[in-house]
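Reader: I'd love a close look at one loop in this model, followed by a walk through the rest of the chain. Please take me through it step by step, as you would with a colleague at the next desk.

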Amino acid sequence: MFETSIIEINKSALDANLKFIRKQIGNRKLSCVVKGNAYGHGMEEYVPIAEQLGVNHFAVYSADEAERIHSIKHPKTEIMIMGSVDDAALAWAIENGIECWMFELDRLEKAIELAVNLDKKALIHIELETGMNRTGFKAKNLDKAAELILKNSNRVEIVGICTHFAGAESISNYYRIKDQIEVYNQLVAHLNELNIRAKYYHTCCSAASLRFPEMMLDMVRIGILQFGFWPSQETFIEFTRNQNTKTDPLKRLITWKSAVMSIKEVNSGDYIGYGTSFLAQRDMTIGICPVGYSHGFSRSLGNQGRAVVNGTRVSVIGTVNMNCIALDLSEVSAEKGDEVLLIGSDGKAEITVASFSEFSNQLNYELLTRLPLNIPRIVTHN
Ligand SMILES: Cc1ncc(COP(=O)(O)O)c(C=O)c1O
């Protein structure tokens, strides 16, 4: 292999996670959020296996992500852009039946103008500003938006009316979200009075679906759960406590693997790697693994990170280099070419993304989405 590491994506784990999610959401519409290169799992690999398991709606942030899915998806699969589309991309989206969130009047006006020019209908979700203060129509602009939509009803289809909560994964945001729910309900009632109705009302990401199930409404936008991760430790503990179990029902899809590139003996008293951050206290065997911070292995894992080699957890020693790390193989019998697990389990020992991100202070989300595009992704079936 030319690449220095590969990422495996396990389809059976996805199957289990989707079953878990569907049990939680009942027969509501499931939109799988696959922005950030499907949370690092690889959009082109992930979307087809999710489709095979019955997913037919994907949410992304930007038009470039939508384009990547559009070129590989099943003709009936729907795509929703929740964030960025410039005018050219908006025309492309309308032409291709891609749903777009509308959160400003000028964007809505442009969508209508383009729909007229293209002789198509713009498929829109009206995003409401309920307190996150990111994107979304404020109450004061809603009447004007409603007027525009009603005037051009043959050019606009309101697929959704939605909002996003500002951090449902943390109990510290509980009252802020409760306030958002109140605002959402008021604004929806106002829109309904103006005769604006949608096919789907939606507000919940993974954490909100678990914590505010009454807000799952007609559709949920699930990101992190599908990949087998909890939005936060809090949500995991709360869920398992309520279910009276300690067993994690989710399964991680991802395994990140490399191999030992070189082995060397180091004498007690020698420094290892750049600078003086690691001083060998005894004679040691170290293995060089060709994965570094340019591959998404955070610099903050220097002298902290772990990997699995031949069934044993070993430590990263010294600093993380741009292209490699040194591993302490003193207690493992290992040879050049042996597998190094950076994330995943070999049946005897495991490196979880959570432990990874605790060491490096990175959230699951951040660590996963920083895995570079050019690491090959391979689908496995167990
Ligand atoms: C608007 C919106 N909906 C849903 C999600 C999915 O969130 P999660 O991965 O926590 O399920 C995100 C992700 O940040 C988002 O921005």
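**Starting from one loop**

Author: N244 lies in the loop between α10 (233-243) and β10 (254-259). Please keep in mind as we go that this is a predicted model. What makes the residue worth a look is its backbone: phi of N244 is near 60°, a positive value in a residue that is not a glycine. Most residues other than glycine have a negative phi. As for its surroundings, N244 has 6 other C-beta atoms within 10 Å. A residue with 12 or fewer such neighbours counts as exposed, so N244 is exposed.

Let's follow the chain out of that loop into β10, the strand that holds I254. Is I254 buried or exposed? With 22 other C-beta atoms within 10 Å, I254 is buried; the cut-off for that is 20 or more. Leaving aside residues up to four places away in sequence, I254 touches I7, I9, H41, F227, I343 and G344. To get a feeling for scale, take D87: it is 167 residues from I254 along the chain, and the two C-alpha atoms are separated by 36 Å.

One of those contacts, I343, falls in strand β16 (residues 339-345), so let's turn to that strand's partner. β16 pairs with β13 in the antiparallel sense over two bridges, and V340 in β16 stands opposite V309. β13 covers residues 306-309; R306 and V308 point one way from it, A307 and V309 point the other way, and all are buried. In a regular strand, side chains alternate between the two faces of the sheet. β13 also runs antiparallel to strand β14 (residues 312-317), joined to it by four bridges. There V309 stands opposite T312. The hairpin of β13 and β14 has two residues between the strands, and N310 in this hairpin takes a positive phi near 45°.

Another asparagine with a positive phi comes ahead of β13. N303 has a phi of about 55° although it is not a glycine, and its place is in the loop between β12 (284-289) and β13. How does its setting look? N303 counts as partly exposed, with 16 C-beta neighbours inside 10 Å.

Now for the barrel. Eight strands with parallel pairing close it in the order β2-β3-β4-β5-β6-β7-β8-β9. On average, neighbouring strands of this sheet are turned by 30° against each other, direction ignored. Strands β2 (residues 29-33) and β9 (residues 219-222) run parallel and are joined by four bridges; across this pairing, S31 in β2 has R221 of β9 as its bridge partner.

R221 also leads us to the ligand, which you may like best as a chemist. R221 is one of the residues surrounding the ligand, together with V33, M82, H164, C205, S206, A207, I222, G223, I224 and P231. α9 (206-211) and β9 each supply at least two residues of this shell. By type, the shell divides into seven nonpolar residues, three polar and one charged.

Two helices can be read alongside the barrel strands. In α4 (residues 63-70), A63, E65, A66 and I69 are buried. Seen down the axis of α4, these residues fall within an arc of 155°, so they line one face of the helix. They pack against α2 (35-39), α3 (43-52), β3 (57-60), β4 (78-81) and α5 (87-95). In α5, L90, A93 and I94 are buried. Their arc, seen down the axis of α5, is 95°, so they too line one face of their helix. An α-helix has 3.6 residues a turn, so residues three or four places apart point the same way. What covers the buried residues of α5 includes α4, β4, β5 (99-102), α6 (105-118) and β6 (122-127). Just after α5, G97 takes a positive phi of about 65°.

Finally, let's step back to the whole chain. It has 12 helices and 18 strands, and its C-alpha trace spans about 80 × 45 × 40 Å along the principal axes. Of its 382 residues, 42% count as buried. Among contacts with a separation of 6 or more, 65% are between residues 24 or more positions apart.

Notes
Residues numbered from 1 in each chain as written. Predicted model: local features only at pLDDT ≥ 70, side-chain atom pairs only at ≥ 80, totals over all residues. Pairing = 2+ DSSP bridges. Axes fitted to C-alpha atoms, helices over the stretch in contact; angles between N-to-C directions. Near = placed C-beta within 6 Å. Nonpolar A, V, L, I, M, F, W, Y, C, P; charged D, E, K, R; others polar. Arc of directions from axis to C-beta. Contact = placed C-beta atoms within 7 Å.
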